[in-house]
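Biologist: I would like a close look at one part of this model. Please start from a single residue and work outwards.

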Amino acid sequence: MSDTKTHPDRSPAEKVRDFPNTPGVYLMKDAHGRVIYIGKAKNLRARAGSYFHKAAETDKRIVNWIGEVADIDHLPADSEVDALLMEARLIKDIQPRHNRDLKDDKSFPYLQITVGDDFPRVNFTRTPLDSGVKLYGPFPRAKSLRGAIQVLQRIFKFRTCSLEIEEDDPRWRWFRPCLLASIGQCTAPCNLRIDRETYRRDIHRLRLFLDGKKDVLLKEMAEEMREASRELQFEKAARIRDEIKALENLNLRGDLAKHAQPEVFYIDPRRGLKGLKKVLQLDSIPRTIDGVDIAHLGGTETVGSLVTFVDGLPFKPGYRRYRIKSVAGVDDFASIREVVSRRIDGLRERDEPFPDIFLIDGGKGQLNAALEAFEAKGVQPPTLISLAKREEEIYVPGRSDPIVLRRRAFSLRLLQYVRDEAHRFAQHYHHMLRKKRVLGDE
């Protein structure tokens with residue numbers, strides 16, 4: 001990054017007065033515009049503002065570097081958990097020098113249920129299986145998730161071992177269960193002490209609980225805690241109190257679609273590309289894919305991102321950023337037309353080939369906007385498609401109905417990877433909030 005010094009119009013203390021009283025992430029920068037500290041907040045204005053009070057001058061945690069802060073920005077979040085996960089992701093990506101924690105390469109943990117097994121197991125994992133599982137998370141705190149799983153096991157008595165147990169294999173009748181069966185925390189399917197149907201009913205109850213049906217259980221536990229307290233069984237009451245807190249912490253998790261890290265889930269690029277050839281009826285297996293996304297920064301600035309994949313894998317030198325120049329206000333369609341037009345111009349100027357597939361994030365409207373850009377330039381578009389969120393439908397020019405693929409299809413998952421990477425690149429603070437001199441102007 002350039003060492004040219006930046007001179008914000010207002011001091012950081014003045015800027016935070018305009019921050020919202022909502023969750024988000026704040027980013028402190030030095031005089032050179034470099035991010036030196038990232039933090040999360042339930043209330044952005046109150047938390048970020050606290051750094052500029054008199055008391056902060058003697059806070060041992062920040063006193064050695066708070067004087068370096070020359071500017072501050074923020075990113076809004078949907079919730080406190082969303083802010084926590086955003087903070088962790090940004091710290092991993094940017095590596096600010098005054099953030100001591102969250103810099104490691106560990107991915108966020110998940111609670112995984114192997115629903116494809118005869119006797120599903122429940123486990124903590126940072127590397128989810130590719131199929132046959134139900135995932136919950138990601139969770140921002142590994143310790144809290146581990147504790148919650150222990151509490152859940154005492155209630156629902158599921159297995160956490162990695163044994164491959166099949167109900168029709170009589171040899172399991174001679175298997176010696178582990179200690180968890182002896183203390184009543186597992187129903188011991190490894191010894192066939194419970195049949196498959198009954199065990200899976202317990203797992204169904206667990207999934208209902210994880211999906212939000214937990215009020216009755218928590219109410220019963222709260223009454224049990226009060227009863228223990230009335231009987232002066234304070235240790236028992238304290239244990240139940242901690243268990244209730246652990247179960248309530250299961251709500252503190254991110255949305256899988258929004259926060260799942262693409263690198264965590266293995267995608268076979270070969271099979272994905274081969275599947276796209278068939279789905280899109282191409283003459284040959286595609287090799288290059290461009291993905292476009294649009295992001296709005298606080299409602300005042302719009303940026304576009306373009307990512308390039310070669311042979312199903314990210315090709316970082318091909319990534320581009322665009323500060324939208326010709327669009328006033330928020331207009332995704334016009335922004336897409338500008339980004340696609342500038343991409344066409346850039347490829348022409350460098351005499352580079354067009355990608356085999358040009359992927360737009362969005363539905364029919366976004367696809368038509370991209371098509372208009374090609375038509376305005378008098379260029380025959382490559383295979384141009386859009387991928388709509390939620391329903392994950394693929395739209396193709398000239399076809400009224402979308403293409404709907406299985407959620408586990410390798411072709412769909414490859415397109416999701418491209419789309420999600422374009423979105424991450426657009427949202428990434430290091431790329432989207434730099435000064436105009438750093439943003440790409442292709």
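Biologist: Is cysteine 190 buried or exposed, and what is its relative accessible area?

Modeller: This is a predicted model. Cysteine 190 is buried in it, at a relative accessible area of 8%.

Next, its sulfur. The closest cysteine sulfur belongs to cysteine 161 and lies 6.1 Å away, which is too far for a bond. A disulfide needs two cysteine sulfur atoms within 2.5 Å. By that rule, the count of disulfides is zero. Cysteine 161, too, is in no disulfide, and the nearest cysteine sulfur to its own is that of cysteine 190. Cysteine 161 counts as partly exposed because its relative accessibility is 27%, whereas cysteine 190 is buried.

Cysteine 161 leads to arginine 159. The side chain of arginine 159 reaches the backbone oxygen of cysteine 161 at 3.2 Å. What else does that side chain meet with a polar atom? A polar atom of the arginine 159 side chain lies 2.7 Å from the backbone oxygen of phenylalanine 119. Arginine 159 sits in a loop, with helix H4 (142-156) on one side and helix H5 (179-182) on the other. Its relative accessible area is 2%, so arginine 159 counts as buried.

Which residues surround arginine 159, once neighbours within four places in sequence are left aside? Its contacts include Asp117, Phe119, Pro120, Arg121 and Val122. Gln153 and Ile165 are in contact with arginine 159 as well. So are Cys186, Pro189 and Tyr199. Among these contacts, Val122 falls within strand E5 (122-125), Gln153 falls within H4, and Tyr199 falls within helix H6 (196-210).

That brings in a sheet. Three strands make up an open sheet, ordered E5-E4-E6, with antiparallel pairing. Strand E5 (122-125) and strand E6 (134-136) are the edges; each has a single partner strand, so one side of each has no neighbour in the sheet. From one strand to the next, the twist averages 25°. E4 and E6 run antiparallel and are joined by three bridges. One residue pair shows the register: leucine 111 has tyrosine 136, in E6, as its bridge partner.

Two helices pack here. H4 lies across E4 and E5 and runs at about 175° to E5. Helix H6 (residues 196-210) also packs on the sheet, touching E4, E5 and E6, and its direction makes about 150° with that of E4.

Now the other sheet. It is open as well, with three strands in the order E2-E1-E3 and antiparallel pairing. E2 and strand E3 (71-76) are its edge strands, and each pairs on one side only. Neighbouring strands are turned by 20° against each other on average, direction ignored. Six bridges join E1 and E2 in the antiparallel sense. Glycine 24 has alanine 41, in E2, as its bridge partner.

Charged pairs come next. How many salt bridges does the structure hold? There are 28. One of them links aspartate 30 with arginine 97, with 3.7 Å between the closest N and O atoms. Aspartate 30 is in the loop between strand E1 (24-29) and strand E2 (35-41), and arginine 97 is in the loop between helix H3 (80-94) and strand E4 (110-113), so this pair ties together parts that are 67 residues apart in sequence. Aspartate 30 is buried, with a relative accessible area of 5%. Arginine 97 is partly exposed, at 46% relative accessibility.

Aspartate 169 and arginine 171 form another salt bridge, with the closest N and O atoms 2.9 Å apart. Aspartate 169 counts as buried, at 15% relative accessibility. Arginine 171 counts as exposed, at 63%.

A further salt bridge joins the side chains of arginine 10 and aspartate 18, at 2.7 Å from N to O. Arginine 10 is partly exposed, at 37% relative accessibility. Aspartate 18 is exposed, with a relative accessible area of 52%. Finally, there is a network of salt bridges, which links Lys15, Lys29, Asp71 and Asp73.

To return to the start: cysteine 190 is buried, and its sulfur is too far from that of cysteine 161 for a bond.

Technical notes. Residues numbered from 1 in each chain as written. Predicted model: local features only at pLDDT ≥ 70, side-chain atom pairs only at ≥ 80, totals over all residues. Heavy atoms only, no water. Helix = DSSP H or I, 4+ residues; strand = E, 2+ residues; numbered from the N terminus. Buried < 20%, exposed > 50% of the residue type's maximum accessible area, 1.4 Å probe, protein only. Polar contact = N/O pair within 3.5 Å; in protein donor to acceptor, adjacent residues only side chain to side chain. Contact = heavy atoms within 4.5 Å. Salt bridge = Lys/Arg side-chain N within 4 Å of Asp/Glu carboxyl O. Pairing = 2+ DSSP bridges. Axes fitted to C-alpha atoms, helices over the stretch in contact; angles between N-to-C directions.
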